[in-house]
Amino acid sequence: WEFNGSFYQPSAFLMMGIPGLEALHPWISIPFCALYLTALLGNCVILFIIRKTQSLHEPMYYFLSMLAVTDLGLALCTLPTTLGLFWFNVRRIGFDACLAQMYFIHILSFIESSVLLAMAFDRFIAISHPLRHPSILTKSTVLKIGLAIVLRGMVSLLPIPFLLKRLTYCGKTELSHSFCFHPDIMNLACADIKVNVFYGMIILLSTVGMDFIFIVLSYIFIIRTVVSLTTKEECLKALNTCVSHICAVLVFFIPMIGLSMIHRFGKNVPPLVNTLVAYTYLIIPPALNPVIYSIKSTHIREALLRALRRKRG
């Protein structure tokens with residue numbers, strides 16, 4: 001412990017794996033390794049295919065590249081501490097290292113939310129205004145959107161580590177997960193955390209909450225446009241271009257909303273449920289997104305098959 005008058009701050013926190021199943025951590029690490037491997041390889045393949053295939057140099061696939069980079073970052077943020085705990089029972093993480101990991105996890109989560117909104121906007125323009133799509137979403141516009149997304153995440157979350165650092169901690173130093181999460185750290189403090197709670201809630205609602213609302217509104221407008229199409233084949237073709245994105249939105253937002261609700265209102269929720277939702281939120285989307293897009297996107301699938309044929313040849 002570091003002592004400075006009445007101010008107490010732990011030198012480290014203790015991470016937790018899956019409660020009640022500590023003896024099975026080496027075996028549990030096997031599916032986690034498979035998910036991390038899928039996330040790392042899958043997203044790298046998506047990036048490689050998009051870079052090497054000239055026909056995929058379009059706004060939709062630029063945004064998909066941003067999503068893949070974000071998913072790689074999320075996987076790499078939690079991989080060292082999660083596998084370190086499961087394999088070697090390394091539970092200790094330094095206070096500052098914990099704040100840094102938390103900051104990057106939340107930034108990448110906010111960026112992923114914003115990228116999914118940008119992809120929804122791209123689908124809306126492509127379906128509702130197909131002739132204007134190339135002139136609206138130019139390369140420079142996509143680049144500006146990407147920079148704005150990153151800056152929004154970095155700036156909005158910048159106060160969070162400092163708000164946590166000013167708190168006094170005492171007693172418990174055990175986290176609920178094998179990674180650092182803002183509500184988890186905040187609840188270990190024995191000081192007034194109203195500012196942290198208020199700021200965290202405002203930022204969450206004004207970023208991720210607004211992103212989700214605008215995504216829903218985008219699909220309402222998309223459905224209105226699709227319904228106005230003359231033939232059933234045109235309707236199905238238009239909707240088919242959105243299936244991958246809808247799956248990615250559901251895979252990301254459902255666990256995130258669930259975890260936020262558990263941390264704020266689920267004091268009586270069993271620890272195992274809390275842990276499973278947290279892992280679902282941070283590990284499943286990076287692993288599933290490349291699989292979803294490889295299966296559902298005809299252009300990605302065909303480019304991947306061409307690349308495999310060239311290697312065999």
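This is a short tour of a predicted model, stop by stop, with something to select at each one.

**Start with confidence**

Colour the chain by pLDDT before anything else. The mean comes out at 90, and 97% of the residues reach 70 or more. For the two ends of the range among the elements, select strand β1, residues 2-4, which has the lowest mean pLDDT at 47, and then helix α5, residues 139-157, which has the highest at 96.

**Stop one: the greasy patch**

Switch to a surface view and select M210, F212, I213, F214, V216, L217, I220, F221, I257, M261 and F265. Together these residues make a nonpolar surface patch of about 970 Å². Two elements give two or more residues to the patch: α8 (194-227) and α10 (243-265). Which of them gives the most? That's α8, with 8 residues.

Zoom in on one member, M210, which lies in helix α8. M210 has a relative accessible area of 32%, so it counts as partly exposed.

**Stop two: one step along, a salt bridge**

Stay on helix α8 and pick D211, then add R152. Their side chains meet in a salt bridge, 2.7 Å from N to O. This pair links distant parts of the chain, with R152 in helix α5 and D211 in helix α8, 59 residues apart.

Is each partner buried or exposed, or something in between? D211 is buried, since its relative accessible area is 2% and the cut-off for buried is under 20%. R152, at 31%, counts as partly exposed.

**Stop three: the other bridges**

The structure holds 4 salt bridges in total, and two others are worth a click.

Select E174 and R91. They form a salt bridge whose closest N and O atoms are 2.5 Å apart. E174 sits in the loop between α6 (159-165) and α7 (182-186), while R91 sits in the loop between α2 (59-88) and β4 (92-94), so this bridge ties together parts 83 residues apart in sequence. E174 is partly exposed at 30% relative accessibility, and R91 is partly exposed too, at 27%.

Now select D96 and K165. Here the closest N and O atoms of the salt bridge are 2.6 Å apart. The pair again links distant parts of the chain: D96 belongs to helix α3 and K165 to helix α6, with their positions 69 residues apart. K165 counts as partly exposed, with 32% relative accessibility.

**Stop four: an odd backbone angle**

Go back to the loop between α2 and β4 and select N89, which is placed there. What is the sign of its phi? N89 has a positive phi of about 55°, although it is not a glycine. That deserves a look because most residues other than glycine have a negative phi. N89 is also exposed, with a relative accessible area of 53%.

While you're around here, slide back into helix α2 and select P80, which lies in that helix. P80 is exposed as well, at 51% relative accessible area. Put a distance monitor between the C-alpha atoms of P80 and F179: they are separated by 9.2 Å, with the two residues 99 apart along the chain.

**Stop five: into the interior**

Hide the surface and select S109, found in helix α3 (residues 95-128). With a relative accessible area of 0%, S109 is buried. What does its side chain pair with in a polar contact? The partner is the side chain of Y281, at 2.6 Å. Show the surroundings as sticks and you'll find that S109 touches L74, F252, M256, Y281 and L282, leaving out residues up to four places away in sequence.

**Last stop: N274**

Finish in helix α11 (residues 271-296), where N274 has its place. At 11% relative accessibility, N274 counts as buried. Expand the selection around N274 and, setting aside neighbours within four places in sequence, you'll pick up contacts with S176, H177, L259, I262, H263 and V269.

Terms used. Residues are numbered from 1 along each chain as its sequence is written. This is a predicted model: local features need pLDDT of at least 70, side-chain atom pairs count only at pLDDT 80 or more; totals for chains, interfaces and linings use all residues. Side-chain values use heavy atoms; hydrogens and water are left out. Patches are made of residues with over 30% relative accessible area and no salt bridge: like charges are joined within 9 Å, nonpolar side chains (Val, Leu, Ile, Met, Phe, Trp, Tyr) within 5 Å. Accessible areas come from the Shrake-Rupley method with a 1.4 Å probe; for residues, only the protein chains shown count as cover. Helices (H or I, at least four residues) and strands (E, at least two) are DSSP runs, numbered from the N terminus. Buried means under 20% relative accessible area, exposed over 50%, partly exposed in between (1.4 Å probe, protein chains only). pLDDT is the predictor's confidence in each residue, from 0 to 100. A polar contact is a pair of N or O atoms within 3.5 Å; within protein, one must be able to donate a hydrogen and the other to accept it, and residues adjacent in sequence count only if both atoms are side-chain atoms. Contact means heavy atoms within 4.5 Å.
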